[in-house]
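Me: I am new to this structure and should be grateful for a close look at a single part of it. Please describe that part and its surroundings in one connected account.

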Amino acid sequence: MVILNDIDWDWIGPEQAARIEQTSDVLGGRPRIAGSRISIAQVLDWVRRNGWAGAIEQIRSCQPSLSEADAEADVEAALAFAAAIMDRPLPDSLTRSRPEWSDKIKGWD
């Protein structure tokens with residue numbers, strides 16, 4: 001599970017960081033758009049399937065009171081958050097639990 005405190009926030013500005021939250025009692029602790037039940041993974045899937053505008057429409061359909069500008073800012077924050085996660089090294093616990101990955105992962109540094 002991603003812990004927000006472990007993220008390299010240099011990838012994300014303060015306005016974007018404020019749009020992401022993670023608590024154990026909502027969505028099983030998965031990172032999500034603040035104040036919603038929309039996971040970051042869901043936003044990424046919407047962008048992949050429907051493009052930028054489609055993802056904004058999906059967020060607005062889940063939160064009708066949200067302005068288009070706020071929905072767009074949520075998509076931007078989700079993408080920045082995903083980029084920050086992708087820039088993190090894999091934890092040792094993962095590589096130890098999957099010895100078959102260790103040779104493949106060594107070449108990533």
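Reply: The account below concerns helix H3, one of its residues, and the salt bridges of the chain.

The model is a predicted one. Helix H3 runs over residues 68-86, and Asp74 has its place there. The helix has 19 residues, which at 1.5 Å a residue should span 27 Å; its end C-alpha atoms lie 27 Å apart, so the expected and the computed values agree.

Several residues of H3 are buried: Ala71, Ala73, Asp74, Val75, Ala77, Ala78, Ala80, Phe81, Ala82 and Ala84. These buried residues pack against helix H1 (14-17), strand E1 (20-21), strand E2 (32-33) and helix H2 (40-62).

Asp74 belongs to this buried group. Its relative accessibility is 3%, and because buried means under 20%, Asp74 counts as buried. Leaving aside residues up to four places away in sequence, Asp74 touches Arg19, Ile33, Ile59, Gln63 and Leu66. Arg19 appears again in a network of salt bridges, where it is linked with Asp70 and Asp74. Side chains of opposite charge can pair when their charged atoms come close.

The structure holds six salt bridges in total. One of them joins Arg32 to Glu21, with the closest N and O atoms 2.9 Å apart. This pair links distant parts of the chain, since Arg32 is in strand E2 and Glu21 in strand E1, 11 residues apart. Arg32 counts as buried at 5% relative accessibility, whereas Glu21 is partly exposed at 26%.

A further salt bridge is formed between the side chains of Glu68 and Arg60, at 4.0 Å from N to O. Glu68 has a relative accessibility of 48% and counts as partly exposed; Arg60, at 32%, is also partly exposed.

Helix H2 contains a salt bridge of its own. Asp45 and Arg48 both lie in this helix, three residues apart, or about one turn. An α-helix has 3.6 residues a turn, so residues three or four places apart point the same way. The side chains of Asp45 and Arg48 meet at 2.7 Å, N to O. Asp45 is partly exposed at 22% relative accessibility, while Arg48 is exposed at 61%.

Helix H2 also holds Leu44, which is partly exposed with a relative accessible area of 32%. Together with Trp52 and Leu79, Leu44 makes a nonpolar surface patch of about 220 Å².

Key. Residues are numbered from 1 along each chain as its sequence is written. This is a predicted model: local features need pLDDT of at least 70, side-chain atom pairs count only at pLDDT 80 or more; totals for chains, interfaces and linings use all residues. Side-chain values use heavy atoms; hydrogens and water are left out. Helices (H or I, at least four residues) and strands (E, at least two) are DSSP runs, numbered from the N terminus. Buried means under 20% relative accessible area, exposed over 50%, partly exposed in between (1.4 Å probe, protein chains only). Contact means heavy atoms within 4.5 Å. The expected span of a helix is 1.5 Å times one less than its number of residues. Patches are made of residues with over 30% relative accessible area and no salt bridge: like charges are joined within 9 Å, nonpolar side chains (Val, Leu, Ile, Met, Phe, Trp, Tyr) within 5 Å. Accessible areas come from the Shrake-Rupley method with a 1.4 Å probe; for residues, only the protein chains shown count as cover.
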